Amino acid sequence: MTKRVNSRFGPALALAGASLVLTTSSPAQTTTRQAADQPFADTSIWNTPLGRGAVFQSDTAAETAMIHSDDVGYHSGSYAWIAVGAFGVYRAKESDPLVRWTFERRSATAAWPAGGAMTNGSIDLRTPSSVQFLGGSDGHAVLIDPTGQVAYEAWIGNWDSAHRTIHANYLVRVDLKGSGIASGEGRSEGIRGFGGSLLGGLVRCDELRRGEIPHAVAMVFSTTMLRKSPTMAGQKVWPASMSDGGGKNNYTGLVPMGALIGIRPDVDIASLGLTREGAALARAYQRFGGYVVDASVGSETLAVTETGCDKAATSNLFKDVRKVRDKLVRVLNNSPKTVGGSGKRVASAPPPLDTFR
């Protein structure tokens with residue numbers, strides 16, 4: 001999808017906190033996880049811990065300096081940020097009414113029921129009345145169908161009250177048991193600028209309640225930070241399948257779209273003076289890392305949360321955002337064959353996906 005670059009994350013929600021000493025390794029897990037709660041395959045980038053052979057960039061590298069700065073490009077040009085309540089994730093029930101969703105374009109992958117038109121088409125979906133389209137002009141929302149196995153992601157969505165329908169400029173059908181990234185070069189199989197799912201790396205409210213983020217994190221970087229190149233290929237690295245505008249954009253920085261960024265394993269998270277939620281975010285970066293998945297104007301977003309999360313918890317993320325940011329370094333040997341870097345994993349993987357529901 002050709003997305004425009006905009007400042008989807010405007011003025012801050014700043015809110016309050018507490019602290020807790022936490023360990024640096026995950027306990028063994030014996031249960032399974034549900035795709036609707038923590039999506040994507042066990043082998044997905046989002047659920048693969050970093051490798052002990054991960055090669056971290058030098059602390060003196062120019063990219064690292066960009067990551068650690070609030071002012072790339074201009075004053076507050078890369079202001080450290082948490083995108084609180086960026087969009088809603090709605091779980092439909094069989095009792096919800098069927099609502100017609102019309103779209104200008106839809107994704108070509110993740111088989112659509114009964115096929116249908118690729119452009120100017122429609123699909124009828126069980127839809128809660130609570131669905132809202134957030135993120136300013138982006139109009140994002142994610143609807144999980146009653147089976148809990150498939151999601152529909154909308155870009156520039158809105159309710160048409162006169163016709164009792166929903167319209168989206170772009171609608172993507174996502175297999176929640178899939179990879180969460182595009183299956184090939186130049187493909188857009190999600191709403192994010194890098195070509196993947198909005199659900200990839202999203203911090204869920206239940207995770208903040210538990211004080212544990214058991215997956216990689218979505219990062220959104222300012223256009224002043226993202227790598228300048230005359231070609232799309234030069235602007236990105238795997239797992240990104242594309243960049244904004246198919247490479248025709250205003251990126252002016254050094255960090256490629258799709259970059260994996262983490263915290264070195266020798267950093268003592270417990271010594272950083274973090275709140276409970278800040279420590280959870282730091283541990284996620286140390287165990288799984290974060291992927292640069294989209295562009296913004298004037299902010300460097302270290303976490304994106306769904307709507308409805310506890311205000312004190314999200315306030316704590318804001319409180320600690322710079323402490324976490326200042327420990328982040330790019331991982332240089334992330335690839336399809338060495339996801340998260342090579343070697344034995346630094347932490348336990350999440351529970352296996354329950355594929356029977």
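# Working through a sheet, a helix pair and some cavities

Six strands make up an open sheet here, in the order S3-S6-S7-S8-S4-S5 and with mixed pairing. Keep in mind that you're looking at a predicted model.

## Exercise 1: the sheet's borders

Find out which strands are the edge strands, and what the average twist is from one strand to the next.

Start with the strand order, S3-S6-S7-S8-S4-S5. Now look at its two ends: strand S3 (89–91) and strand S5 (119–126) are the edge strands, and each of them pairs on one side only. Then check the twist: going from one strand to the next, it averages 40°.

## Exercise 2: from S6 into S7

Work out how S6 and S7 run, how many bridges join them, and which residue in their hairpin takes a positive phi.

Begin with the pairing. Strand S6 (residues 141–144) and S7 run antiparallel, and four bridges join them. To see one partnership, go to Leu 143: its bridge partner in S7 is Tyr 152. Next, follow the chain through the hairpin, where five residues sit between the two strands. Stop at Gly 148, since that's the residue with a positive phi, near 75°.

## Exercise 3: from S7 into S8

Describe how S7 is joined to S8, then track down two residues other than glycine with a positive phi.

First, the strands. S7 covers residues 150–160 and S8 covers residues 165–175; they run antiparallel, with ten bridges between them. Two pairs to pick out: Ala 151 has Val 174 as its bridge partner in S8, while Trp 159 is partnered by Ile 166.

Second, the turn. The S7 and S8 hairpin has four residues between its strands, and Arg 164 is in that turn. Arg 164 isn't glycine, yet its phi is positive, near 55°.

Third, look inside a strand. Ile 156 belongs to strand S7, and its phi is also a positive one, near 55°.

## Exercise 4: a cis peptide bond

Locate the cis peptide bond between Trp 238 and Pro 239, and say which loop Pro 239 lies in.

Go to Trp 238 and check the bond to Pro 239: omega is about 15°, and the bond is cis. Now place the proline. Pro 239 is in the loop that links helix H3 (232–235) and strand S10 (260–263).

## Exercise 5: two helices crossing

Decide how H4 and H5 are oriented to each other, and which hand their crossing has.

Take the axes of helix H4 (residues 276–287) and helix H5 (residues 311–325): they come within 7 Å and cross at roughly 50°. Compare that angle with the cut-offs: under 35 degrees would be roughly parallel, and 65 to 115 roughly perpendicular. The angle fits neither range, so H4 and H5 are oblique to each other. As for the hand, H4 passes H5 in a right-handed crossing.

## Exercise 6: empty space inside

How many cavities of 30 Å³ or more are in the whole structure, and what lines the largest one?

The search turns up three of them. The largest holds about 70 Å³ of space. Its lining has 13 residues, and those nearest its centre are Gln 38, Pro 39, Leu 199, Gly 201 and His 215. Finally, sort the lining by character: five residues are nonpolar, five polar and three charged.

Definitions and conventions:
Residues are numbered from 1 along each chain as its sequence is written. This is a predicted model: local features need pLDDT of at least 70, side-chain atom pairs count only at pLDDT 80 or more; totals for chains, interfaces and linings use all residues. Side-chain values use heavy atoms; hydrogens and water are left out. Two strands pair if DSSP finds at least two bridges between them. Axes are lines fitted to C-alpha atoms, for helices over the stretch in contact, and angles run from 0 to 180 degrees between N-to-C directions. On a 1 Å grid over the protein atoms alone, a cavity is a set of points where a 1.4 Å probe fits but cannot get out, and a pocket is an open set with protein on both sides within 12 Å along at least five of seven lines; lining residues have an atom within 4 Å of a point. Grid points are joined across faces, edges and corners, and a volume is the space filled by probe spheres set on the points. Ala, Val, Leu, Ile, Met, Phe, Trp, Tyr, Cys and Pro count as nonpolar, Asp, Glu, Lys and Arg as charged, and the others, Gly among them, as polar. Angles under 35 degrees count as roughly parallel, over 145 as roughly antiparallel, 65 to 115 as roughly perpendicular and the rest as oblique. A crossing is left-handed if the near helix is turned anticlockwise from the far one by less than a right angle, and right-handed if clockwise.
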